[in-house]
Each structure stands twice: as C-alpha cells, then as structure tokens.
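Student: I've got a model open on my screen and I'd like to learn how to read it. Can we go through it together, one question at a time?

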Amino acid sequence: MQKADNITKFTQNKIGDLMTVIIIRSIIIYLFVVLSVRIMGKRQIGELKPHELVITILISAVATIPLQEISIPLTNSIFPIMIFVSLEIIGSALSMKSIKLRNLLQGKPMFIIKDGILQQKQMRRLRFTMDDIIDALRQVGVFDISTVENAIVETNGSLSVQTKAECAPLTPDALGLEVEKAQMPITIVMDSKPVTEYFGDEKINESEIDVLISSTSVNTEDIMLLTIDNDGNMYMIERDRNV
C-alpha cells in the first residue's frame, strides 16, 4: 500500500514538473515570437507579402516544437526563429536597394482591369475567377464592375480600384472649393484610462488631461473615448453601463 502511494505521489510530482516546464516554455516562446514579429514590423495577415507570409508560417511551426516535445532543448526553436527574422530583415534591406530582388521576393502588381477592359490573360495567369474579382470589388465598396476604370492586384493579393471619372464622387477640389486642412485628433482617454502618449510623438501632460476631463462633467471611469483636435474641439463616447 505504501509503495502504491509512493508511486502515485511520484507520478503526480512528475506531472506537476512537466506542466511547470510546459508553462515556462510557453511563456518564453510567446514572448520571443511577439518580439520577433515586432522586429519584423507591423502588418496585418492580409497585408503580408509572400516571403513575409512564409517567414510567419515557419516561425509558427518551429515555435510549437519544444512545446510538443519536452525533451527537445528550447534553443532548437529559438535559434531557427532568430535565423528566420534575420533573413526577413536582410531580405527587406536588400529589397530596398534592388528592384530585381524586390520583384523576385514580392512579385509585381498586375492590372486585372485596365482602361475599363477586363484583362482575361492576367485572370488566367493569376487563376482568378469572375467571382473572385466581383467579391474583391465589393470589399472595396464597388458593386458595379462597369464603373471601374482600373483595378490592380497588389503583391499581397489585395485589389486597388480606380473608378471611371464620371462615376467618381465629387470632391471639393473638383468643385473648386477651399476647405480647411484635415486634422488628426489626439486621444486623451481610452477605455476609461488617461492616455498621455498615443502616437509616440503626440504627448499631453496628466494635469492637462485632468482639466479636459473635468470640463466634460463626466467621470473618467464613465468615458470610453475622449479625443481633442488642434482647435480644442473634443469628441467623447460615454461608457454604457448596461452592457
């Protein structure tokens, strides 16, 4: 009986140690992958170039290996990830200096519609169907293909669209009107928390934030978003306490 209890206790200890190792490895891998992605730059998945997507997939695959096999050293994942990140940085740096290498790694944009004419040869080359094109047009707000002057498939697979001049919306410039320069509001409260630095170079003192918040007659914890523009105009969204 005592022997069975010892075996059970030993097994529980081993499982506990194993879980601890997995948790520690998971945290290390998570932090390292996040750091690696930050080093490579900010891009959404849909904005990745082909070589960037390949690097991302490889990093994801390699990062899971030491979590599945505890016997494998953690460095067996960290070193390959460092190599992948280095290759991405080197490739990006060389692409800035060589158009040929850039075209090789990233590809070239292609007209799928040019001067209002559907480029069927390019469709076959890109293996695009009419459904693909119409769907991509809808995603950029164009529901009538006949209004499209030019449409370009970018290197990340997205579609850039230029509508025909007679179908384009009127702008103040087209009407000969003068308008004020657009301004970028500064966020001073987000999710009920004061924000002293949002864009990295736009800073505001906490004392100034307190004055602005007090002028709204609303408590900070009841504010979901508060912004201010260069003219001192504030925009506020109050938190719905019923949600």
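Student: Which residues form the nonpolar patch on the surface, and about how much accessible area do they have together?

Tutor: This is a predicted model, so local features need pLDDT of at least 70 and side-chain atom pairs count only at pLDDT 80 or more, while totals for chains, interfaces and linings use all residues. Residues are numbered from 1 along each chain as its sequence is written, and side-chain values use heavy atoms, with hydrogens and water left out. A patch takes residues with over 30% relative accessible area and no salt bridge, joining nonpolar side chains (Val, Leu, Ile, Met, Phe, Trp, Tyr) within 5 Å and like charges within 9 Å. Here the members are Met19, Ile23, Ile27, Tyr30, Leu31 and Val34, and together they have about 600 Å² of accessible area.

Student: Where is Tyr30, and is Tyr30 buried or exposed?

Tutor: Tyr30 sits in helix H1, residues 2-40; helices (H or I, at least four residues) and strands (E, at least two) are DSSP runs, numbered from the N terminus. Buried means under 20% relative accessible area, exposed means over 50%, and partly exposed is in between, using a 1.4 Å probe and protein chains only. Tyr30 has a relative accessible area of 56%, so this residue is exposed.

Student: Zooming out, what share of the residues in the protein chain count as buried?

Tutor: The chain holds eight helices and eight strands. Its accessible surface, by the Shrake-Rupley method with a 1.4 Å probe, comes to about 17600 Å², and 58% of that belongs to carbon and sulfur atoms. Out of 243 residues, the share that counts as buried is 22%.

Student: What is the strand order in the sheet with E1 in it, and which helix packs on that sheet?

Tutor: That one is an open sheet of four strands, ordered E2-E1-E3-E4, with antiparallel pairing (two strands pair if DSSP finds at least two bridges between them). Its edge strands, E2 (117-118) and E4 (159-163), each pair on one side only. The helix that touches E1, E2, E3 and E4 (contact means heavy atoms within 4.5 Å) runs at about 70° to E4, with axes fitted to C-alpha atoms, for helices over the stretch in contact, and angles from 0 to 180 degrees between N-to-C directions. So the order is E2-E1-E3-E4, and the packing helix is H7, residues 130-139.

Student: Which residue in the turn between E3 and E4 has a positive phi?

Tutor: E3 and E4 pair in the antiparallel sense over five bridges, and one of the facing pairs is Asn150 opposite Gln162 in E4. The two strands form a hairpin with five residues between them. In that turn, the residue with a positive phi of about 95° is Gly157.

Student: Which two side chains meet in a salt bridge?

Tutor: Side chains of opposite charge can pair when their charged atoms come close. The cut-off is a side-chain nitrogen of Lys or Arg within 4 Å of a carboxyl oxygen of Asp or Glu, and by this rule the count is one. Both partners lie in helix H7, three residues apart, about one turn of the helix. Their N to O distance is 3.6 Å, and they are Arg138 and Asp135.

Student: Are Arg138 and Asp135 buried or exposed?

Tutor: Arg138 has a relative accessible area of 39%, so it falls in the middle class. Asp135 has 32% relative accessibility. Arg138 is partly exposed, and Asp135 also counts as partly exposed.

Student: Which strands stand at the edges of the sheet with E5 in it?

Tutor: Four strands make this open sheet, in the order E6-E5-E7-E8 with antiparallel pairing. Strand E5 (residues 186-190) is mostly covered, with four of its five residues buried. An edge strand here has a single partner strand, so one of its sides has no neighbour in the sheet; these are E6 (193-194) and E8 (234-238).

Student: Which residue in E7 stands opposite Val189?

Tutor: E5 and E7 run antiparallel, joined by four bridges. E7 (residues 223-228) is also joined to E8 by five bridges, where Met236 is the bridge partner of the residue you're after. That residue, opposite Val189, is Leu226.
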